[in-house]
Amino acid sequence: MTTARPGAMWGALLAALGIVSLAGSVQAQQPGAGQPPRNEQPPRAGQPPRAGQPAVAADPAVVAVLEALERAGKELQTIYCAVSYLEEDQLNVSQKIKNGTIMFKRAEPHPMFLIAFKETLSDGIRLADKEWWLFRDRWLSEAKSKSTLIIAREYVAPGQRVDLFDLERSPIPIPFGQTKREVLDSFAVRLLPPRPGDPPNTDHLYCVPHPGNQLSREYKRLEYYVSRDIRLPVRIVAEEAGGKKISVATFMDVPADAGVKPSTDLSARSVNRPIPDEAFRLPPETQGYHVTKEALPPPGPPASAPRPGQGIGGR
């Protein structure tokens with residue numbers, strides 16, 4: 001069995017979470033949401049840096065934003081915020097919006113997160129569908145009310161440690177916590193000027209994966225709108241490699257009063273709040289759902305060394 005990366009989810013949640021990213025009802029009302037800037041050609045993806053060599057010289061303004069993003073990612077311990085996730089199907093000309101919340105906690109040996117979508121709009125029609133994504137104790141559990149099914153997938157083998165912040169190698173890449181070097185090694189990055197519809201007081205990074213890396217096979221572009229106040233992404237746009245789907249996720253503060261629509265701004269109020277481990281569980285309403293588990297295959301025997309005179313792939 002091969003365990004796939006949940007790229008479509010994290011592409012705008014990243015990616016996380018894919019963890020964990022961002023724009024929905026507000027952005028959906030604006031024409032051209034998630035489209036490349038008008039009168040500008042998308043940046044050309046340069047050649048990836050050679051091993052041991054620095055990345056292609058980056059704009060100092062880009063470097064400053066990435067360094068601030070790196071510092072904020074290191075300081076981030078928890079986040080609890082609202083998310084509005086927009087998915088546009090360019091082929092079938094359809095649109096789906098999911099509204100909910102995200103909880104994330106840095107923990108050992110692996111981080112934990114819970115994404116809960118409690119409202120779904122499909123081409124403007126409100127659906128009763130709910131879904132949850134929980135990562136805890138090496139397992140990613142996906143629960144959906146429509147099917148009353150929970151699929152638990154093992155992403156990390158017992159005793160193994162995986163860096164979930166590694167954008168290219170992680171099975172569940174989380175969209176913050178990367179270093180400046182990791183970003184520049186993975187993308188050609190450009191800082192775009194503000195334009196109508198951008199989240200206020202943000203820096204807009206336009207990222208094109210370098211040809212040939214894992215991210216280039218999944219995404220045509222990623223855009224990060226980084227808050228100048230908290231230095232974390234408040235909106236992420238992801239276009240799939242084939243150009244058929246564009247996902248946009250916006251992070252907002254969870255309102256203090258239930259039933260009140262979230263603010264359009266993510267602030268420090270959502271960051272580094274105490275969150276108990278017990279909060280990272282599927283809700284009681286999923287009790288009674290049918291559970292399917294997909295464990296990792298057992299490790300195979302170590303590969304034998306080639307016999308003398310026999311190269312790899314030789315006869």
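The following paragraphs lead the reader through a predicted model, from the whole chain to selected strands and side chains.

Residues are numbered from 1 along each chain as its sequence is written, and side-chain values use heavy atoms, with hydrogens and water left out. Because the model is predicted, local features need pLDDT of at least 70 and side-chain atom pairs count only at pLDDT 80 or more, while totals for chains, interfaces and linings use all residues.

The secondary structure of the chain consists of five helices and 13 strands. Here helices (H or I, at least four residues) and strands (E, at least two) are DSSP runs, numbered from the N terminus. Of the 315 residues in the chain, 47% are buried; buried means under 20% relative accessible area, exposed over 50%, and partly exposed in between, with a 1.4 Å probe and protein chains only. The chain has an accessible surface of about 16300 Å², and carbon and sulfur atoms account for 52% of that surface. Such areas come from the Shrake-Rupley method with a 1.4 Å probe, and for residues only the protein chains shown count as cover.

A suitable place to begin is strand β5. This strand is mostly covered, six of its six residues being buried. Both of its faces are covered: E131, W133 and F135 lie on one side, W132, L134 and R136 on the other, and all are buried. Strand pairing, which requires that DSSP find at least two bridges between two strands, gives β5 its partners. Strands β3 and β5 run antiparallel and are joined by five bridges, with A116 standing opposite W132 of β5. Strand β6 (residues 139-144) also pairs with β5 in the antiparallel sense, over six bridges, and S141 in β6 is the bridge partner of L134. Two residues separate β5 from β6 in a hairpin, and D137 in its turn has a positive phi of about 55°.

Which aromatic side chains pair with one another? A search of the whole structure finds two aromatic pairs. In this search, rings of Phe, Tyr and Trp (its six-membered ring) pair if their centres lie within 6.5 Å; planes under 30 degrees apart count as stacked, over 60 as edge-to-face and the rest as tilted. One pair, formed by Y85 and F117, is tilted, with 6.1 Å from centre to centre and 40° between the planes. Because Y85 lies in strand β1 (residues 78-89) and F117 in strand β3 (residues 112-122), this pair ties together parts that are 32 residues apart in sequence. Both Y85 and F117 are buried. The other pair consists of F113 and F135, whose ring centres are 5.7 Å apart and whose planes meet at 20°, so this pair is stacked. It links distant parts of the chain, F113 being in strand β3 and F135 in strand β5 (residues 131-136), 22 residues apart. F113 has 0% relative accessibility and counts as buried, and F135 likewise counts as buried at 0%.

Charged groups also lie over rings. A charge sits over a ring if NZ of Lys or CZ of Arg is within 6 Å of the ring centre and within 35 degrees of the ring normal. R235 lies over the face of Y225, 5.3 Å from the ring centre. The charged end of K293 is placed over the ring of W139, at 5.4 Å from its centre.

Attention now turns to strand β9 (residues 202-209). Because eight of its eight residues are buried, β9 is largely enclosed by the rest of the structure. T202, H204, Y206 and V208 point one way, D203, L205, C207 and P209 point the other way, and all are buried. Strand β8 (residues 187-192) runs antiparallel to β9 and is joined to it by six bridges, where L192 has H204 as its bridge partner. Strand β10 (residues 219-227) pairs with β9 in the antiparallel sense over six bridges, and E223 in β10 stands opposite Y206. In β9, C207 counts as buried at 2% relative accessibility. Another cysteine, C81, is buried with a relative accessible area of 1%. If a disulfide is taken as a pair of cysteine sulfur atoms within 2.5 Å, the count of disulfides comes to zero.

A final stop is T292, found in strand β13 (residues 290-294). T292 is partly exposed, at a relative accessible area of 29%. Apart from its neighbours within four places in sequence, T292 is in contact (heavy atoms within 4.5 Å) with L149, I150, I151 and A152. The C-alpha atoms of T292 and R153 are separated by 8.5 Å, although these residues are 139 residues apart along the chain.
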